[in-house]
Amino acid sequence: MIWTRLHRFRILERMNGYTYDTEDMIFALATAWGTSALAVIRVSGPGCIGALQRIFSRPEALGKSESHMLLHGDLIEVQSKQAVDEVLLSIFREGRGFTGEESIEISCHGSMAGVESIFSLLKQVGMRPASPGEFTFRAFMHGKMDLTRAEAVMEIVSSQSKLAHSLALGRLEGNLFALIEEIKQQVLHALSVVEVQLDYAEDEISGDIDFPFPLVEEAKDRIGTLLGTYEIGKLYGEGARIVLTGSTNAGKSTLFNLLLKEDRSIVSDVHGTTRDFIESKTVLDGIPVRLYDTAGLRDSMDLVEQEGIRRTRRLLGEADLILLMLDGTEHDEQSVMQHHDLLHDPRCIVVWNKTDLTDRKPLAGSYPLSAKRGEGFSALRDEMVMRLRKDAKRPDGQDVVVESARQHDELLRAHAALDRALVLVQEGVPLDIVAVELGEALEALGTLTGEVASADILEKIFSGFCVGK
């Protein structure tokens with residue numbers, strides 16, 4: 001959908017704190033800040049090609065260029081006429097590029113000093129730095145994408161695993177939007193049936209028209225299926241926190257290194273070696289994981305170690321999964337009871353470590369492991385993944401999965417409205433009230449895709465974007 005000029009103005013003027021005037025020419029670095037071989041500066045807005053002609057070594061060629069052409073040349077300093085950098089311009093005429101506007105992508109050398117010099121030139125010809133999310137915002141406002149695709153842009157940028165990237169790419173390509181549109185058409189058809197009965201007398205309608213229960217029930221079920229993907233989508237999108245805890249010298253650091261496949265944490269036979277938590281990232285079966293190796297739990301007079309233990313207990317409260325490490329050479333059932341609270345925590349997996357050094361029978365329900373040799377690690381890792389997924393199947397990269405809390409809330413609203421509509425019809429409530437509930441479901445689905453948009457929703461979504469997107 002393409003917003004009218006008046007509608008755009010009304011939305012823009014209510015987006016407090018964000019310079020989102022779509023008539024401005026804007027620019028931003030599309031690649032990461034930092035020294036590199038090449039950098040890409042994105043420029044967009046009405047008249048930006050003409051403005052760039054003033055500082056490009058081949059102005060006539062740029063003015064005559066067609067969309068999707070590449071031009072090689074230099075950017076020239078306005079006053080001195082000296083070359084600032086050798087560049088390659090990718091030209092996109094109005095309606096053809098990412099934003100739906102006239103735009104150019106400048107491929108230049110990756111010197112930060114050089115990039116800043118180009119920024120200065122762009123300001124001299126009337127352009128301004130883009131606000132966070134402004135390029136994607138313009139794409140949305142010009143009908144190049146709906147809100148589910150817009151959110152997918154940032155979900156791709158922030159994805160922490162190949163699977164998360166693949167799922168977000170599916171949303172960017174429109175798989176979620178297409179499914180929502182199908183459901184909307186089902187609800188709209190049901191609403192039209194109800195409105196026919198409201199607008200015309202019985203003797204004016206040829207044949208019987210029953211309430212379309214199957215249509216509404218199917219739409220509700222499809223929304224319910226989408227809602228069921230939220231937790232798994234959130235898991236693969238945002239990741240999980242896993243905290244390793246237990247007594248000192250139980251092998252937490254060895255397991256930490258095993259999970260990371262690198263020597264990240266110091267391993268020692270000395271009790272209390274880890275005094276503060278150590279944090280690192282890894283991926284388990286496509287799930288982004290933030291892993292914490294913590295100070296061993298024991299009574300200590302050392303103030304530094306006491307602070308480490310306090311921080312460990314705080315992390316335990318925030319964890320999605322807890323690995324309680326027990327030293328199989330020392331612990332027995334009686335000594336294990338000092339961890340009574342953790343043993344009854346549904347997030348906790350008990351690991352019976354050092355099986356290579358003892359013949360003791362592991363604690364019932366625990367996972368036997370030799371972290372030093374890696375024996376038993378495969379079974380433990382599978383259990384960790386299963387617990388994190390909460391028995392849900394691993395999504396395929398082509399699956400339609402909801403990751404956004406906003407999308408989840410609107411789906412929940414639509415599902416509840418359809419459920420109320422079905423109940424009201426069964427109770428014999430007048431159809432004009434049923435029509436209100438069907439309308440509520442349509443509004444929720446429209447808000448999800450952006451067909452129904454408000455300044456508050458748009459500001460919340462796009463303010464979280466990085467500059468250049």
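Which residue stands opposite aspartate 327 in strand 11? In the predicted model described here, that position is taken by asparagine 353. The pair belongs to the parallel arrangement of strand 10 (residues 321-327) and strand 11, which are joined by 6 bridges. On strand 12 (residues 367-369), strand 11 has a further parallel partner, here through 3 bridges. Within this second pairing, tryptophan 352 is placed opposite proline 368 of strand 12.

Strand 11 is largely enclosed by the rest of the structure, because 6 of its 6 residues are buried. Burial extends to both faces of the strand: Cys348, Val350 and Trp352 lie on one side, and Ile349, Val351 and Asn353 on the other. The loop that leads from helix 14 (340-343) to strand 11 (348-353) contains aspartate 345. With a relative accessible area of 16%, aspartate 345 falls under the 20% limit and is therefore classed as buried. Its side chain makes a polar contact of 2.7 Å with the side chain of arginine 347.

At the level of the whole protein, the model comprises 18 helices and 12 strands. Of its 469 residues, 49% count as buried. Among contacts with a separation of 6 or more, 67% are between residues 24 or more positions apart.

An open sheet is formed by 6 strands in the order 3-4-5-2-1-6, with mixed pairing. Its edges are strand 3 (70-76) and strand 6 (128-129); each has a single partner strand, so one side of each is left without a neighbour in the sheet. Strand 1 (residues 26-29) and strand 2 (residues 36-44) run antiparallel and are joined by 4 bridges. One residue pair in this register is phenylalanine 27 with valine 43, its bridge partner in strand 2. Helix 5 (residues 134-141) packs on the sheet, where it touches strand 1, strand 2 and strand 6. The direction of helix 5 makes about 130° with that of strand 1.

The loop between strand 4 (83-92) and strand 5 (103-110) holds glycine 97. Glycine 97 has a relative accessible area of 5%, which means that it is buried. Beyond its neighbours within four places in sequence, glycine 97 is in contact with Phe92, Ser103 and Lys144. Glycine 97 and lysine 144 are 47 residues apart in sequence, and their C-alpha atoms are 8.9 Å apart in space.

A separate antiparallel pairing is found between strand 8 (residues 278-284) and strand 9 (residues 287-293), with 7 bridges. These two strands form a hairpin with 2 residues between them. Aspartate 285, in the turn, has a positive phi of about 50°. Along the hairpin, lysine 281 stands opposite arginine 290 in strand 9.

The largest nonpolar core has 32 residues. Val187, Phe211, Ile223, Leu411, Leu418, Leu438 and Leu445 have the most contacts inside this core. Two or more residues are contributed by each of helix 8 (175-199), helix 9 (213-227), helix 16 (405-426) and helix 17 (431-449). Apart from residues up to four places away in sequence, leucine 418 touches Val187, Val216, Ala219, Lys220, Ile223, Leu438 and Ala441. A second, separate core contains 30 residues, including Leu235, Phe256, Leu259 and Ala371.

Helix 17 has 19 residues and reaches 27 Å from its first C-alpha to its last, close to the 27 Å expected at 1.5 Å a residue. Its buried residues are Val434, Ala435, Glu437, Leu438, Ala441, Leu442, Ala444, Leu445, Gly446, Thr447, Leu448 and Thr449. Just after helix 17, glycine 450 adopts a positive phi of about 100°.

Helix 15 (residues 377-389) was examined in the same terms. Its 13 residues should span 18 Å at 1.5 Å a residue, and the end C-alpha atoms are 18 Å apart, which agrees. In helix 15, the buried residues are Phe377, Leu380, Glu383, Met384, Val385, Leu388 and Arg389. Lysine 390, just after helix 15, takes a positive phi of about 55°.

Note on methods
Residues are numbered from 1 along each chain as its sequence is written. This is a predicted model: local features need pLDDT of at least 70, side-chain atom pairs count only at pLDDT 80 or more; totals for chains, interfaces and linings use all residues. Side-chain values use heavy atoms; hydrogens and water are left out. A nonpolar core is a set of buried Ala, Val, Leu, Ile, Met, Phe, Trp, Tyr and Cys residues joined through side-chain atoms within 4.5 Å. Buried means under 20% relative accessible area, exposed over 50%, partly exposed in between (1.4 Å probe, protein chains only). Contact means heavy atoms within 4.5 Å. A polar contact is a pair of N or O atoms within 3.5 Å; within protein, one must be able to donate a hydrogen and the other to accept it, and residues adjacent in sequence count only if both atoms are side-chain atoms. The expected span of a helix is 1.5 Å times one less than its number of residues. Two strands pair if DSSP finds at least two bridges between them. Axes are lines fitted to C-alpha atoms, for helices over the stretch in contact, and angles run from 0 to 180 degrees between N-to-C directions.
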